[in-house]
Amino acid sequence: MMDWTQVVDAHGAVGRVPLLLDQVEREEVPEAREELWDRLCLQGETISAASFAALPRLAALAPACAQALELASAIVRGTLRHPDGEVLLAGCPNEVARLRELVDKRLRTRPADYNRLFGDLLALAGQYHWSAFLGDFADDFYAVSCPGCEAEVTIAVGDYGCYAAIRDWDQGDIERRSLRPAPAEELRDPGRWMHATAGRDGQQRLAEGIRYVFGRAECPACASVFNIAEAHTAVNLPPALETY
């Protein structure tokens, strides 16, 4: 049994979360859902030990409650923002697997908020880095460091082009070099299953964007060719957490 008197929520309080969960389960107080969000995922970002402690009950509610599924997914997306997030999340593997299954099932319906749910799926699959950074490829930019010369390179994937460039704050993106998207059959996980999932659901822009992000770029400064996903991961995650 969970000792809620020892579990602090995002407001630094104890004991309030289980009461709110009871109210949400019984659908007694409409305002309970809003307060529960506030205490478990403050402003959509700040999570706490109480957030992870609430996951089993949220997962139980999720099949019949879209808001519970969204809140649970938001908590998982914030795992790396909590110092003990990975350890706390490891305590409920069955719930995470169930949530992932529910999100994947929802994606198959091609909902209007597909890209947000796709980010949830990435987090539930342990791909916190891509969950945080992957956009909709309408106008996406990724900052990387060239592995060859350490120049700061901007990677653009979107309606304005797919290129590597040096960003000049007066002239914009200069010395552009076209990206080299990875052939679908050569993608490696996680890019392979990300691409397959987007393609399965008819999300062609997303699928094509993934090919570019997991493809290669030519550095405008030294002309060396490098793997974009590896370079971006190296810049944005500490070595212990790096995953391609």
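Okay, β1 and strand β2, residues 152-158: these two pair in the antiparallel sense, over seven bridges. One register point you can check on screen is S145, which stands opposite E152 in β2. Before I go on, keep in mind that this is a predicted model.

So what does the rest of that sheet look like? It's an open sheet of four strands, in the order β1-β2-β3-β4, and the pairing is antiparallel. The edges are β1, at 139-145, and β4, at 172-178; each has a single partner strand, so one side of each has no neighbour in the sheet. On average, neighbouring strands are turned by 35° against each other, ignoring direction. Then there's helix α12, residues 228-236, which packs on the sheet and touches β1 and β2. The direction of α12 makes about 70° with that of β1.

Next, the aromatics. How many aromatic pairs does a search of the whole structure find? Two. One is Y114 with F118, and that's a stacked pair: 6.1 Å centre to centre, with 20° between the planes. Both sit in helix α8, residues 114-124, and because they're four residues apart there, about one helical turn separates them. Y114 counts as buried, at 2% relative accessibility, and F118 is buried too, at 2%.

The other pair is W130 and F214. The ring centres are 5.1 Å apart and the planes are at 45°, so this one is tilted. W130 is in helix α9, residues 128-133, while F214 is in the loop between α11 (204-213) and β5 (216-218), so the pair ties together parts that are 84 residues apart in sequence. W130 and F214 are both buried.

On to the core. The largest nonpolar core has 70 residues, and the ones with the most contacts inside it are L58, L134 and I155. Take L134: leaving out residues up to four places away in sequence, L134 touches F118, L122, Y142, M194, L206 and I210. Yes, that's the F118 from the stacked pair.

Last bit, cysteines. Searching the whole structure turns up zero disulfides. For C92, the nearest cysteine sulfur belongs to C41 and is 15 Å away; C92 itself counts as buried, because its relative accessibility is 3%. For C162, the nearest one is the sulfur of C219, 18 Å away. Is C162 buried or partly exposed? Partly exposed, at 24% relative accessibility.

Methods:
Residues are numbered from 1 along each chain as its sequence is written. This is a predicted model: local features need pLDDT of at least 70, side-chain atom pairs count only at pLDDT 80 or more; totals for chains, interfaces and linings use all residues. Side-chain values use heavy atoms; hydrogens and water are left out. A nonpolar core is a set of buried Ala, Val, Leu, Ile, Met, Phe, Trp, Tyr and Cys residues joined through side-chain atoms within 4.5 Å. Buried means under 20% relative accessible area, exposed over 50%, partly exposed in between (1.4 Å probe, protein chains only). Contact means heavy atoms within 4.5 Å. A disulfide is a pair of cysteine sulfur atoms within 2.5 Å. Two strands pair if DSSP finds at least two bridges between them. Axes are lines fitted to C-alpha atoms, for helices over the stretch in contact, and angles run from 0 to 180 degrees between N-to-C directions. Rings of Phe, Tyr and Trp (its six-membered ring) pair if their centres lie within 6.5 Å; planes under 30 degrees apart count as stacked, over 60 as edge-to-face and the rest as tilted.
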